[in-house]
Structure formats: C-alpha cells, structure tokens
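Let's take a walk through this model together, beginning at the ligand and working outward to the fold and a few backbone details. Keep the viewer open as you read.

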Amino acid sequence: MSNALVWFRRDLRLADNPALQAALDAGHVPVPVYIHAPEEEAPWAPGAASRAWLHRSLQALDADLQARGSRLVIRQGDSLSELEKLISETQAAALHWNRLYEPASIARDTRIKQGLKSRGIPVESHNAALLVEPWTVQTGQGGPYRVFTPFWKNARQRLEGLRAGSAPKRLPEPPVTLAGLDVGDLGLRPPAHEPDWDAGFWEHWAPGEAGALEMLEVFLDGALRGYKAERDKPGRVGTSRLSPHLHFGEISPRTIVKALQDGDWPAAIEADLTHYLSELGWREFSHHLLYHFPQTAQDNLNPKFEDFPWVDPDEALLSAWKRGRTGVPLVDAGMRELWTTGWMHNRVRMVAASFLTKNLRLHWRHGADWFWDTLVDADLANNTQGWQWTAGTGADAAPYFRIFSPVAQAGRFDPAGDYIRRWVPELAQLPDKALAAPWEHADLLREKAPEYPDQPLVDLRESREAALAAYETVKADG
Ligand code: FAD
C-alpha cells in the first residue's frame, strides 16, 4: 500500500476528519503529521494559553492514533520544506489537509499547494471546521453578508441532510523508520522558570477528542435544557464550553449539529435547540467575516472609526483591567476567571470588553491582544468579531452608544452574586445589595473588603458620557 500524508493542523481529532478519511478511502496508509511552525501564523501565532492547550491536545491525538495502530509524526520548521522531506522519506503518493481560514494560513497553504502541485504531487484540501464555508453563502447580489440574521437564515438551510463521519476503529501503521519529535520538544508548555500559571486550567478542561465528546455529552444531558435563558448567567454552567475544543478541531461542528438534529428532544426545548444552533451560527458568521474582510483582525470593519478618539494606552489602566483590579466587581470577576481558567463567560466577555473600549476608551485591539494570549479558545475569527461587535466598530455590531452598565448587568445576570463572590473572594462577605457597586457602600467596603479598590478605575457615569461625546465626533464625520 502506498502512503499519503495527512497534515493535522487545527483538526486534532479522528472522527469526522475528512482529510484522514480521504487518505483511507483512496486505499493509502495515512501518515499523520503535525508541523510546528508558529511564525507562519504571525502576527497571530498562538498565545500562551493556546500553546498550553495545544501541548495536551497533541499528546491526546498521538495517544488516540497509537490506540488504533498509528502514531503522530511531529516535525518543526518551515512547513513546505518539512512536507517535502516527509514526501520523499515516505514516497507519499498524496497529501491531504483540512482547510484553515485565517489570512496567514490561507496564504501559506496556497503557496504550499501550488509548490507541490507543480512538482506533480496530488494535494487535496477538505472542510473539517465549518458547517458552511465562507464562499458558499452569498447575498442576493453575490457578495458577502455583513448582517447575521440573513446570513444565518441562508446558511442554516444547508444543514438539512448534513453528515458527520465516525472515527476509524483501526489504522495502518506508518513507516517505522520515520523519525519525529516529542510533543515536549516543541516548547509549548510554560517555561520552567515561570510559575505554573496554567495549573488551574486543567481542573476545568480535558484537551483532546475524548474530552470534547464528553463535554458535548454533559451539555446535551444537562445545560441544553434551558440554554436560551440560562446561557447568560455567568454563575452557573449554562453553556456547552465547547469553544476551545471547536477551535482546535477536537470536535467537528457537524458532529454537534448532528447530535442536535438526531436527538429525541421534548418539544419544550425547541427554543433552546434553535438558540444553541444560532450560537454555532455566530461562529460561522465570524469565519465568513474574517474570510471576506481579512483586514479586520487589526482594522475596524466600519471605516468611520478610523478617526475615533481612543485614549492613548495607559499601562496602569490596562494592567488593572488585565489583572481584575478595576474596582468594578463584574469586570474583575471575568478577568480573574480568564486568568485562572483560560476562559470567560460570554456575557462577561461583553461587559469586560465594553468597559475597556467605552469606559476606559482604549482601542479594542489592546483587549483582543490580551484575550489572544490568555484564552484557551482564542480564535482569530471569533475574537475579532467579539471585540469589534462589542466596540461597535464591526459588522452587525452593538451600536457604539449602547454601553453596557457593569452594575446593571451584574444585577440582572448575577443577582445573588455567585459569580462575583467566586472570582473576587475578597468581596464574599459583602451583602448582595453592595456587590455590584461596592463604592456606593463605602463603610461596608472598608469593613468587609478593605483590600478591594474603594473606587472604580473611572467614574462609570462620567466615562460613559465622555464615550458618547467621543462617538459624536465620528458620527458627525459619517
Ligand atoms: P456556547 O454558548 O455553548 O456556544 C457554542 C459555541 O458557539 C461556542 O463554543 C462557540 O464556538 C460558538 N459561539 C458562541 N457564541 C459565539 C459568539 N458570540 N461568536 C462566535 N462564536 C460563538 N469565542 C471563541 O471561540 N474564541 C474567542 O477568541 C472569542 N473571543 C471573544 C471575545 C469577545 C470580546 C466576545 C464578546 C466574545 C468572544 N467569543 C469568542 C465568543 C463567545 O464568548 C465564546 O464562543 C463562548 O463564550 C464560548 O463558550 P461556550 O462554548 O460555552 O459557548
């Protein structure tokens, strides 16, 4: 049997993996390969939390392959040269990979495809990551969508008859002589001289395909019921927490949708199912936007904001935000959840992002960069869309003038203060009424939480008005 390389990237799974399946279907011995080349993704090489996740995910993939008789061959260096070496070492008859949609990856993959094809090596790419690839959904005029609702109305019609493959039970062994690195050689873990900052992550997460499938099962058995209402409450597990697994391709969105479509659900949860599906739709929409507007990873989608008077970054302000020391409990709780677990609840992401871009009036890129480094689900499409949406600079965005009040949001979505007490434990002894805006209860704060800032970093009302005044300047331009 001839060999075929299967180049794993962010499709770190065996089930519903079209590249792997295509190699098998063609009767080849799949040679699973991972090439570590972070500089090829610059300026969006994986951040520290993503690298820590990747380390474990690659170990899990290798173990899953070995359990089926195969193994992961790990290399490091320029992807094209490494692939060329591997093709000659294995006499590979073909190369398969699953597509990525970030601008740097598209440019790299196009170059590699052309290079290898011109040398007569069959290269095939496949869709593993999306329900609908960005170029397959178009407006009536034939262009890309900028508004979610019509995008999703169109895209979701394509989910009828959707299929998701299962994992092969056995795999043939790749050539035994083929050398590779250990995952540990890639330096993805935090360096030894740094404190074990990722230690808290692994109480919450199990990177790898088995962890992803378990997370899906737990969600389908639990939080799916009531998802529509409960997904906004950060103090409870009301969402699926599949985002890092989806980002690394440890589970396919088709597998998730198929499970939703095939389940024997009571009619009462129809709205929950539809709503969950639409969140997966936002993931699709984000990829659609980044593909069609690749500049938006750094530039405002709405050009009106080019002259927006952002405040010059002040390290002290930014650092207080990053460390969860703003004096605004809901924001601080979110930023500390992020630091400790590598993840933050969506509602709180919006509040923390709004505080940065509107109350502190710092450019959204400062926040996006921090999230990039600290989120285990850091994803260029979703992160860009999330920040531009909240900042009001993006597609179908919350208008800039709609400024989240972190106090009202805490009252509405964390009324008993479970979330704030959990992540800002020095406030735990405050009564519920003082938790959202402790500066309004100076005596209580001094007595029960003397170490917490006695004032927010900025006055919420004044900073809100300043933000609205700043917005008037670009509105007038438009
Ligand atoms: P669930 O509610 O269970 O949703 C299921 C899946 O749908 C998620 O796993 C995710 O893949 C997708 N999804 C849900 N909400 C969104 C959304 N608003 N936009 C795009 N996809 C969505 N998500 C990331 O995956 N990576 C990021 O880097 C990221 N950065 C964000 C930054 C900001 C400022 C904001 C406001 C949102 C960001 N999001 C990001 C979107 C969202 O917060 C997370 O996808 C969600 O919190 C993940 O939790 P979950 O898996 O439990 O979500």
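Of the 28 residues around the ligand in this predicted model, the nearest are T239, S240, N382, N383 and G386. Several helices supply two or more residues each to this shell: helix 8 (243-247), helix 10 (270-292), helix 13 (346-359) and helix 15 (380-391). Helix 15 is the greatest contributor, with six residues. If you are thinking about the chemistry of the shell, its residues split into ten nonpolar, eleven polar and seven charged.

While you are at the ligand, have a look at R241. This residue sits in the loop between helix 7 (227-230) and helix 8, and helix 8 is one of the elements that give two or more residues to the shell. The phi angle of R241 is positive, about 55°, although the residue is not a glycine. Is R241 buried or exposed? R241 has 19 C-beta neighbours inside 10 Å, so it counts as partly exposed; a buried residue would need 20 or more.

Now zoom out to the chain as a whole. Its secondary structure comes to 20 helices and five strands. How does the radius of gyration of the chain compare with the globule rule for 478 residues? The radius is 24 Å and the rule gives 23 Å, so the chain is as compact as a globular protein of that length. Along the principal axes, the C-alpha atoms fill a box of roughly 75 × 50 × 50 Å. Buried residues account for 45% of the 478 residues. Taking contacts between residues at least 6 apart in sequence, 77% join residues at least 24 apart.

Next, turn to the N-terminal part of the chain. An unreviewed UniProt entry places the feature "domain: Photolyase/cryptochrome alpha/beta" at residues 2-131. In the model, this span is 43% helix and 21% strand, and its end C-alpha atoms lie 32 Å apart.

From here you can step into the largest nonpolar core, which has 121 residues. Those with the most contacts inside this core are L5, V6, W7, V33, L95, L330 and I420. Helix 2 (residues 48-67) gives the most to the core, with eight residues. L95 is a good place to centre your view: leaving aside residues up to four places away in sequence, L95 touches A4, L5, W7, L83, I87, L116, I121 and V123.

Helix 2 also carries Q59. With 16 C-beta neighbours inside 10 Å, Q59 counts as partly exposed. Its C-alpha atom is separated by 9.0 Å from that of G184, although the two residues are 125 residues apart along the chain.

Two backbone details round off the tour. In the loop between strand 2 (29-36) and helix 2 you will find P43. The peptide bond from A42 to P43 is cis, with omega near 5°. The other detail is Q91, in the loop between helix 3 (79-90) and strand 4 (94-98). Q91 has a phi near 55°, a positive value in a residue other than glycine. This residue has 9 other C-beta atoms within 10 Å, so Q91 is exposed; the limit for that class is 12 or fewer.

Conventions: Residues are numbered from 1 along each chain as its sequence is written. This is a predicted model: local features need pLDDT of at least 70, side-chain atom pairs count only at pLDDT 80 or more; totals for chains, interfaces and linings use all residues. A residue is near a molecule or strand if its C-beta atom, placed from the backbone, lies within 6 Å of it. Helices (H or I, at least four residues) and strands (E, at least two) are DSSP runs, numbered from the N terminus. Ala, Val, Leu, Ile, Met, Phe, Trp, Tyr, Cys and Pro count as nonpolar, Asp, Glu, Lys and Arg as charged, and the others, Gly among them, as polar. UniProt positions are given in the numbering used here, feature names are shortened, and annotations may be inferred rather than shown by experiment. The radius of gyration is taken over C-alpha atoms; the globule rule is 2.2 Å times the number of residues to the power 0.38. Two residues are in contact if their C-beta atoms, placed from the backbone, lie within 7 Å. A nonpolar core is a set of buried Ala, Val, Leu, Ile, Met, Phe, Trp, Tyr and Cys residues joined through C-beta atoms within 7 Å.
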